[in-house]
Amino acid sequence: RSGAAGGKGGGGRGRSRALAGDASPDEGVVEDLPLIDEKAVEQLTEGLISHYLPDLQRSKSALQELTQNQVVLLETLEQEISKFKECNSIVDINALFSEAKHYHNKLVNIRNEMMMLHEKTSKLKKRALKLQQKRQKEELEREQQREKELEREKQLTAKPAKRT
């Protein structure tokens, strides 16, 4: 601003009315502004734009590059997370296989023990059968021996002679 209205000590018409409170604060502002050359405004605008635009464009491209890098990092991070999940599931699968092997070994041992017990019981049954047959044979022989002895005793006992 130039002139008395724009200075510190001057009291312009718009300012005095705004202080009085009987008009809007924007009233009289246009009157206080001097006429501005549009060509000068355009040149100043172009100068301002040419001064800040390269920095803004570099900032924009840097932000785009950062955003793109963040997207790449997020994708990489998601891939790494999925790899860790796979590793955890592989560890779980390995644990399951280890447990399955352990129980398979237990089953094999139980099966072997059952086969061994079956063989032992079969041998014991055969032995018991042989012993039973031997006892029966011995009893039969004793019975036959007793009968023979009884028969022999009968023959040895004196028979009274028949009187004729």
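What share of the 164 residues in the protein chain do buried residues make up?

## Overall picture

Buried residues, meaning those under 20% relative accessible area as found with a 1.4 Å probe and protein chains only, make up 2% of the 164 residues in the protein chain. This is a predicted model, in which local features need pLDDT of at least 70 and side-chain atom pairs count only at pLDDT 80 or more, while totals for chains, interfaces and linings use all residues. Residues are numbered from 1 along each chain as its sequence is written, and side-chain values use heavy atoms, with hydrogens and water left out.

The protein chain has three helices and zero strands, where helices (H or I, at least four residues) and strands (E, at least two) are DSSP runs numbered from the N terminus. Along the sequence, the pattern reads α-α-α. Helix α3 spans residues 38-156. The accessible surface of the protein chain comes to about 16,000 Å², and carbon and sulfur atoms account for 57% of that surface; such areas come from the Shrake-Rupley method with a 1.4 Å probe, and for residues only the protein chains shown count as cover.

## Salt bridges in helix α3

A salt bridge is counted where a side-chain nitrogen of Lys or Arg lies within 4 Å of a carboxyl oxygen of Asp or Glu, and by this rule there are three salt bridges. In one of them, D55 is paired with R58 at 2.1 Å from N to O. These two residues are three residues apart in helix α3, so about one helical turn separates D55 from R58. D55 has a relative accessible area of 37% and therefore counts as partly exposed, the class that falls between buried and exposed, with exposed meaning over 50%.

Another salt bridge joins E80 to K83, with the closest N and O atoms 3.5 Å apart. Because E80 and K83 are three residues apart in helix α3, they are separated by about one helical turn. Both ends are partly exposed, E80 at 34% relative accessible area and K83 at 45%.

The side chains of E143 and R146 also form a salt bridge, at 3.1 Å from N to O, and here too the partners stand three residues apart in helix α3, about one helical turn. E143 is partly exposed at 35% relative accessible area, and R146 is likewise partly exposed, at 46%.

## Charged patches

Patches are made of residues with over 30% relative accessible area and no salt bridge, like charges being joined within 9 Å and nonpolar side chains (Val, Leu, Ile, Met, Phe, Trp, Tyr) within 5 Å. For the charges, Lys and Arg count as positive and Asp and Glu as negative, while His and the chain ends are not counted; the place of a charge is taken as NZ of Lys, CZ of Arg, CG of Asp or CD of Glu.

A negative patch on the surface consists of D37, E38, E42 and E46. Among them, E42 lies in helix α3 and is partly exposed, with 49% relative accessibility. A patch of positive charge is formed by K120, K123, K126 and K130. One of these, K123, belongs to helix α3 and is exposed, at a relative accessible area of 60%.

## A nonpolar patch

On the surface, L48, I49, Y52, L53 and L56 make a nonpolar patch of about 490 Å². L53, one of its members, sits in helix α3 and counts as partly exposed, with a relative accessible area of 36%.
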